[in-house]
Amino acid sequence: MSQQTVRRQCQVVDKEKIQSMCDWPNQTGCLVVEPSQELYKLGFPVRVVHDCDAILPMAEAHPHQDDLWLCVSGRALFCIGGKLDGERKMGDDGKTVLAPGIVGGRDIVLEPGHWLHIPAGQPHRHGAQGLACLLIIKIPPPEGEVSIE
């Protein structure tokens, strides 16, 4: 059996395109901006997220990917680490574990230019008072899938 290789195309996304996604009309909540979702479907591994006057309703942990966040504008609030708390359920991808809370985590604030690396398996949730524009890159962990406590 021969294996076919699908090669994705190289993509350049200029700063004006990223800025236009950061300037996308806001809605209250934590959401991926639609134009960045379309780029993601084409293989561009970055998504633009708006957190606007909300905290993500569920904490999450991914056994199969690290999250690398960049705050572009505003102030984003994160709770990271600790353990997932409460009844767990699976996310839409069939791997991400969701729970209503985190115990033993620590709260941090990302401001423009700050990066945050969340290794696979680490619980986290995010949000903002006002609007924060964030970039998120999903990265396979170098150690492979991890277990979630």
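1. Rings of Phe, Tyr and Trp, the last taken by its six-membered ring, are said to pair if their centres lie within 6.5 Å, and planes over 60 degrees apart count as edge-to-face. In this predicted model, the structure holds one aromatic pair. Trp69 and Phe78 are its members, with 5.3 Å from centre to centre and 70° between the planes, and the arrangement is edge-to-face. Trp69 and Phe78 are both buried.

2. The two rings also belong to a wider nonpolar cluster. The largest nonpolar core has 14 residues, and the residues with the most contacts inside this core are Trp69, Phe78, Leu110, Leu116 and Leu134. Two or more residues each are given to this core by strand 4, strand 5 (76-80), strand 10 (106-110), strand 11 (115-118) and strand 12; the largest share, four residues, is that of strand 12. The surroundings of Leu116 can be listed in detail: when residues up to four places away in sequence are not counted, Leu116 touches Asp67, Leu68, Trp69, Phe78, Ile80, Ile108 and Leu110.

3. Apart from the largest core lies another core, of 11 residues, and among them are Met21, Val33, Val48 and Leu70. Met21 is also one of the buried residues of helix 1, which are Ile18, Met21 and Cys22. These residues cover an arc of only 105° around the axis, and they therefore lie on the same side of helix 1. As for what they face, the buried residues of helix 1 pack against helix 2 (34-41), strand 2 (46-55), strand 4 (66-73) and strand 12.

4. Which cysteines does the disulfide join? The structure holds one disulfide, and Cys22 and Cys133 are the residues joined, with an S to S distance of 2.3 Å. The torsion about the S-S bond of Cys22 and Cys133 is about -65°, so the disulfide is left-handed. Because Cys22 lies in helix 1 (residues 15-22) and Cys133 in strand 12 (residues 124-139), the pair ties together parts that are 111 residues apart in sequence. Cys22 and Cys133 are each buried.

5. Two further cysteines deserve a remark. Cys30 is in no disulfide, and the nearest cysteine sulfur, which belongs to Cys52, is 9.1 Å away; for a disulfide, the two sulfur atoms would have to be within 2.5 Å. With a relative accessibility of 24%, Cys30 counts as partly exposed, whereas Cys10 has a relative accessible area of 82% and is exposed.

6. A charge placed over a ring is also present in the model, where the charged end of Arg47 sits over the ring of Tyr40, at 3.9 Å from the centre of that ring.

7. Finally, I would add a point about Pro100, which is found in the loop between strand 8 (97-99) and strand 9 (101-103). Is Pro100 buried, exposed or partly exposed? Its relative accessibility is 41%, so Pro100 counts as partly exposed. With the neighbours within four places in sequence left aside, Pro100 is in contact with Pro57, Met58, Asp85, Gly86, Glu87 and Arg125. The C-alpha atoms of Pro100 and Leu70 are separated by 24 Å, and these two residues are 30 residues apart along the chain.

Terms used: Residues numbered from 1 in each chain as written. Predicted model: local features only at pLDDT ≥ 70, side-chain atom pairs only at ≥ 80, totals over all residues. Heavy atoms only, no water. Buried < 20%, exposed > 50% of the residue type's maximum accessible area, 1.4 Å probe, protein only. Arc of directions from axis to C-beta. Contact = heavy atoms within 4.5 Å. Phe/Tyr/Trp six-rings, centres within 6.5 Å; stacked < 30°, edge-to-face > 60°. Lys NZ or Arg CZ within 6 Å of the ring centre and 35° of its normal. Core = buried A, V, L, I, M, F, W, Y, C linked by side-chain atoms within 4.5 Å.
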